[in-house]
Structure formats: C-alpha cells, structure tokens
Amino acid sequence: MDDVIIIGGSFAGLAAALQLGRARRKATILDTGLPRNRFAGHSHGLLGHDHKPPLDILAEARQQLARYPTVKLVNARAESISGAIDDFSVLTGDGENLGARRLILSYGVADQMPDVPGFAESWGTSIVPCPYCDGFEVADQHWGLVWSGPPSHNYVRLYQDWTDTLTVFADGHDIAPDIRADLARRNIPVVDGRIAEIAHHGGHITTVNLESGRNAGVDILFAHPRNKPSASLHESLGLATVNTPFGIALKVDERRETSMPGIYAAGDLANPAMNSVTTAISQGATAGISAQQSMLV
C-alpha cells in the first residue's frame, strides 16, 4: 500500500510528489498526460523557468522526481475511488486496484470552449485568460476583453497596468449603465452584439466578427470561459464544492484537505480562477506536506 496516491500529474501533482519523495513517503502519481496549459507555447511567471514551454518544464520535473525511489509515475486514468482514510482504493483504467492511506486530487479542470468558429483554434495563443501569464509579452498592444459578467469590470482595471488600449466585447451580456459610464470615463469602447467568429491566421487574431456584421481588430483577446473538473471522482465521493464565476471548485481548508478526511486537493481543481502555475505548485506542495504530516504517529 502507498502512503499517498496523487491523481493528476501536472504542476500541482508533481509538486506534491516532490515533497512526499523527499520525506521518503511512498507515492504513486496517476496521470493521463493532458495538462490544462498544453495549448500554451510558453509558461510565464514561474521563477527559474520563465518563458519555457510548459511541457518542457513538466518533463524536467518528472526527470527530477526519478531520483526519489519512493515516487512512481504511472500513465493511467483513475476510474473510481472507494474506502476511507488509511484505506483508500483506486481503480485505474487498466483494471489495477491501488491502495493508499491518503489521496491528493490534482486532476485539474477542462475549459469549456464557446461554439464560436476560431475560438478553440486560438485558445492559449492569441485568446488567453491570464494577464500575469501573458500580459508582459503583449504590453502596450490593443487588447480585447470578452465580457463574461461582473468580474469583468475588475479585469478592466487590472489590465490598465499593461495597456491603455482596450476594447470590451459585450457578447450579448447586459452591462449595467453605471459600469458603462465607468468604461467611458476610462476611454474604453464597448462593442455590443454577440461574437460570431474569430478570424485568425496561425492562431493569431485578425478580427473579431459579430453577428451584426460589424467587426473589430485587436492584437490579443482575453476571455474567461467556464470550466469544469476534468474528472468526476469528487462527485462519486460526495466531496463538498463551491460555485465560482468560472465553475465548480472543490472546497478545501488551509491545509488543502477536502470535506472527506484524508483526501486533499490542489491546483485548478480547487481554485479554477487562478490559471497560475506558481499557485498550482504552491498548493501542491502544501497538499503533499499536509498529507505527510497527517500520517505522523
């Protein structure tokens, strides 16, 4: 039996495994090799790895984990979980039953692309969600923001650290008069009407086409489509969740423990709004340390 099974081997899961390996705890990582940021050409803001391709960073992390004999990485999907603290059982897609005293869920979320031609093709390159991840590289260019609700007003204020040229696309949302007045005060135009198509070339936006026939050109488009957990294991376990403007997230305490004793969660699955590799690594390390310390006698 393992001390910990980690379900999801991207940044959060590998960070948890590193702490467990250094504590000489037996840990198995189950991963399917589909990290959320696989569409991005480069990862930014991660100290020591700034501007590296995210898949390269993950590959290097896995190589480093190989020096810890108690850590094992398995290319498999977790199909179901049963049991309770000190006696969890995980059934893999290969039909293997694995046992562990603790679990860490770090299987992330999947972004739900709108049914707009050109959107999915540009996601992660010229349509992005996070200014901390991509804003520096496109600073002082013409940004667009797809309005998604009240949080979008905060993004407007945030983006002004990177650019003075911003266009808001209402995309069918009703923007309150007082917010429109604030946007006008900031010299931010609002383009009404639903987006019909993103015209792009090689993933780079040329124009945002509206159903009305109008179009507007921007250099980069920021958008925040809703997301959902990339697996449903938490549902079968009955773990407590919270509703966020971006989707469902697992409810965790300061130690990253979920509502079920012995199960921890880290990364986008427990904080889908962040879109930050740095945050995912921090949460994963906390989950790994918390799981290890919970087994002390």
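**Entry 1: a salt bridge across a loop and a helix**

I began with Asp192, which at 39% relative accessibility counts as partly exposed. The model I am reading is a predicted one, and I keep that in mind throughout these notes. I looked for a charged partner and found that Asp192 forms a salt bridge with Arg180, with the closest N and O atoms 2.6 Å apart. Asp192 sits in the loop between β11 (190–191) and β12 (195–201), while Arg180 belongs to helix α6 (residues 177–185), so the pair ties together parts that are 12 residues apart in sequence. Arg180 is also partly exposed, its relative accessible area being 29%.

**Entry 2: other salt bridges**

I then asked how many salt bridges the structure holds, and the count came to 10. One of them joins the side chains of Arg186 and Asp182, at 2.8 Å from N to O. Here I noted the burial of each partner: Arg186 is partly exposed with a relative accessible area of 21%, whereas Asp182 is buried at 13%. Since buried means under 20% relative accessible area, I could place these two residues on either side of that cut-off, with Arg186 at 21% and Asp182 at 13%.

I looked up Glu257 and Arg255 next, whose side chains meet in a salt bridge at 2.5 Å, N to O. Glu257 counts as buried at 12% relative accessibility, and Arg255 counts as partly exposed at 33%. I also found a network, in which salt bridges that share partners join Asp86, Arg101 and Arg102.

**Entry 3: Ile85 and the residues around it**

I turned to Ile85, which lies in the loop between β4 (78–84) and β5 (87–92) and is partly exposed, with a relative accessible area of 38%. Which residues is Ile85 in contact with, once its neighbours within four places in sequence are left aside? I listed Arg101, Arg102, Pro261 and Gly262. For one of these I also checked the backbone: the C-alpha atoms of Ile85 and Arg102 are separated by 6.3 Å, although the two residues are 17 residues apart along the chain.

**Entry 4: the nonpolar cores**

I looked for the largest nonpolar core and found that it has 24 residues, of which Val4, Ile6, Ile29 and Ile104 touch the most other members. The elements giving two or more residues to this core are β1 (2–7), α1 (11–22), β2 (27–31), α2 (54–65) and α8 (277–294). The largest share, 6 residues, comes from α1. As a general point, nonpolar side chains in soluble globular proteins tend to be buried together.

I followed Val4 in particular, leaving aside its neighbours within four places in sequence, and its contacts include Leu20, Ala27, Ile104, Ala291 and Met295. The contacts of Val4 also include Ala100 and Leu103, and I met both of these names again in a second, separate core of 22 residues, which includes Ala100, Leu103, Leu237 and Leu269.

**Entry 5: cysteines**

I searched for disulfides, and the structure holds 0 of them. I nevertheless noted two cysteines, Cys130, which is buried with a relative accessible area of 6%, and Cys133, which counts as buried at 16% relative accessibility.

**Entry 6: Thr163 and Ser152**

I found Thr163 in the loop between α5 (151–159) and β10 (166–169), where it is buried, with a relative accessible area of 3%. Its side chain reaches the backbone oxygen of Gln141 at 2.6 Å. Not counting residues up to four places away in sequence, Thr163 touches Asp140, Gln141 and Trp143.

Ser152 is found in helix α5 and is buried, with a relative accessible area of 0%. Leaving aside the neighbours within four places in sequence, I noted that Ser152 is in contact with Leu145, Val146 and Trp147.

**Entry 7: a parallel sheet**

My last search was for strand order, and I found 5 strands that form an open sheet in the order β8-β15-β9-β10-β11, with parallel pairing. Which are the edge strands? They are β8 (127–128) and β11, each of which pairs on one side only. I then looked at β8 more carefully, and noted that β8 and strand β15 (residues 220–222) pair in the parallel sense over 2 bridges. The bridge partner of Ile127 in β15 is Leu221.

Definitions and conventions: Residues numbered from 1 in each chain as written. Predicted model: local features only at pLDDT ≥ 70, side-chain atom pairs only at ≥ 80, totals over all residues. Heavy atoms only, no water. Core = buried A, V, L, I, M, F, W, Y, C linked by side-chain atoms within 4.5 Å. Buried < 20%, exposed > 50% of the residue type's maximum accessible area, 1.4 Å probe, protein only. Helix = DSSP H or I, 4+ residues; strand = E, 2+ residues; numbered from the N terminus. Contact = heavy atoms within 4.5 Å. Salt bridge = Lys/Arg side-chain N within 4 Å of Asp/Glu carboxyl O. Disulfide = S-S within 2.5 Å. Polar contact = N/O pair within 3.5 Å; in protein donor to acceptor, adjacent residues only side chain to side chain. Pairing = 2+ DSSP bridges.
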